[in-house]
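The exercises that follow ask the reader to work from the ligand outwards to the spaces in the protein. Each task is followed by a solution that goes step by step.

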Amino acid sequence: MSSDSQTLRQFLLAEQRQGRVEQDMVLLIEDIATSCRTIAHQIRNGAFLNILGATETSNVQGETQKQLDVIANDIFIKHCPNCARVAALVSEEIDDVIWLKDAPKAGDYLVYFDPLDGSSNLNVNLSVGSIFSIVELAEDITELSNEAVLFSGAKQVCAGYSLYGPSTSLILTTGHGVNGFTHKIGTGEFNLTFPDMRLPEETEEFAINASRFKKWDASITRYVEECLEGKDGPRGKTFNMRWTASMVAEVHRILMRGGIFLYPKDTGNADMGGKLRLLYEANPMGFIVEQAGGKASTGIERILDVEPTSHHQRVSVILGSASEVDLIDSYYKENA
Ligand code: P6P
């Protein structure tokens, strides 16, 4: 990467000149990037600020909130409303939709976010991330209810994540491919470091929480067992496994070198519909993965086609290299 790589603003203004994003979307993405930079700063100084621990509270998911979950949430809520077209915020950490306007209009934005994903990694200094998704309203909203933000992932106009790893990455799609930026120490800018990211079609690497193997359905069990059989098995090649307990880190690794990420609904989470949330985890990651040439499925249908029934709804997630997603989908079809 050259030292004079484009900044995020230069990239977004070039996209705007090509008619790919509107001015207001540029402003909103920059405010989200500012949120991510600010969160990164809090994380990297967390040990000195004594904020790496848990709070006494739980969120709507029933999960004990980490102090940084709350801090990251507050940072998103502070910055996103700067854009006048943001009508509502949907946060993993907040029970109800946060309405910012009394009468949202067609063209306004809904912003969905998981402010700090994988926060159980914080106090052991492993990767965490922020995930965001933006839908543009096609029609006015007449009733400010939690149901008014239920749109399928296919309606997204922008999605991205920030990965707080050895470096701070910002990965972004506005429906015209996927581009990766890295936070540059010194200037504080996000600079374009991974233009036009493409997800390898084939892979020898899968990611799943293997401690749940007794809870898996027949399709997932068959897929993982065949991977583990390696060269002598039906796959005819050796597979590797990774699990980092951070969806953002898994998806980033898959974008960079291929792979498949599995968090299926199983007998341990079926009553909740699965583990991962549709609107602010599966949909944005599905949009990004598809834009990079991969696929994202529930095993039964394309994730972006799922019609949500509630704003904290959970869903099975199978995403990554297209050939692997297709194979698992075929097993679900056989077992239907
Ligand atoms: P498990 C983090 O809590 C998360 O929502 C995802 O980021 C991650 O992939 C998954 O849950 C980890 O789940 O079962 O390993 O704790």
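**Exercise 1.** Identify the polar contacts that oxygen atoms of the ligand make with Tyr263, Met247 and Asp117, and state which part of each residue takes part.

*Solution.* In this predicted model, begin with Tyr263, where an N or O atom of the side chain is 2.5 Å from an oxygen atom of the ligand. Next take Asp117, which also contributes through its side chain, a polar atom of which lies 2.6 Å from a ligand oxygen. For Met247, by contrast, it is a backbone N or O atom that is found 2.7 Å from an oxygen atom of the ligand. Each of these pairs counts as a polar contact because the cut-off is 3.5 Å between N or O atoms. As a last step, turn to the surface of the ligand: taken alone the ligand exposes 390 Å², and 82% of that is buried by the protein.

**Exercise 2.** Describe the shell of residues around the ligand by its members, its classes and the strands that supply it.

*Solution.* The shell holds 13 residues, and those that come nearest to the ligand are Asp117, Trp243, Met247, Tyr263 and Lys275. Sorted by class, the shell consists of six nonpolar, three polar and four charged residues. When the shell is then mapped onto secondary structure, strand 13 (260–263) and strand 14 (276–277) are each found to provide at least two of its residues.

**Exercise 3.** Locate the ligand among the open spaces of the protein, and characterise the lining of the space in which the ligand sits.

*Solution.* The ligand sits in the largest pocket, whose volume is about 430 Å³. The lining of this pocket is made up of 25 residues, with Asp117, Gly118, Ser120, Ala245 and Lys275 lying nearest the centre. Two or more lining residues come from each of strand 2 (64–66), strand 5 (109–117), strand 13 and strand 14, and strand 5 gives the largest share, namely three residues. In terms of class, the lining comprises 11 charged residues together with seven polar and seven nonpolar ones.

**Exercise 4.** How many cavities of 30 Å³ or more does the protein hold, and which residues line the largest cavity and the second largest cavity?

*Solution.* The count comes to two cavities of 30 Å³ or more.

- The largest cavity encloses about 50 Å³, and its lining consists of Phe11, Glu15, Leu172, Thr173, Thr174, His176, Gly177, Asn179 and Phe181. Helix 1 (8–17), strand 8 (168–173) and strand 9 (178–183) are the elements that give two or more residues to this lining, in which three residues are nonpolar, five polar and one charged.
- The second largest cavity has a volume of about 30 Å³ and is lined by Tyr112, Ser133, Val135, Phe151, Ser152, Gly153, Gln156, Leu279 and Asn283. At least two of these residues are supplied by strand 6 (128–136), and at least two by helix 7 (278–291). The class count for this lining gives four nonpolar and five polar residues, with no charged residue.

Definitions and conventions. Residues numbered from 1 in each chain as written. Predicted model: local features only at pLDDT ≥ 70, side-chain atom pairs only at ≥ 80, totals over all residues. Heavy atoms only, no water. Near = heavy atom within 4 Å. Polar contact = N/O pair within 3.5 Å; in protein donor to acceptor, adjacent residues only side chain to side chain. Areas by Shrake-Rupley, 256 points an atom, 1.4 Å probe, with all protein chains shown as cover. 1 Å grid on protein atoms, 1.4 Å probe; cavity = no way out; pocket = protein on both sides within 12 Å on 5 of 7 lines; lining within 4 Å. Sits in = over half its atoms within 2 Å of the grid points. Helix = DSSP H or I, 4+ residues; strand = E, 2+ residues; numbered from the N terminus. Nonpolar A, V, L, I, M, F, W, Y, C, P; charged D, E, K, R; others polar. Points joined across faces, edges and corners; volume = space filled by probe spheres on them.
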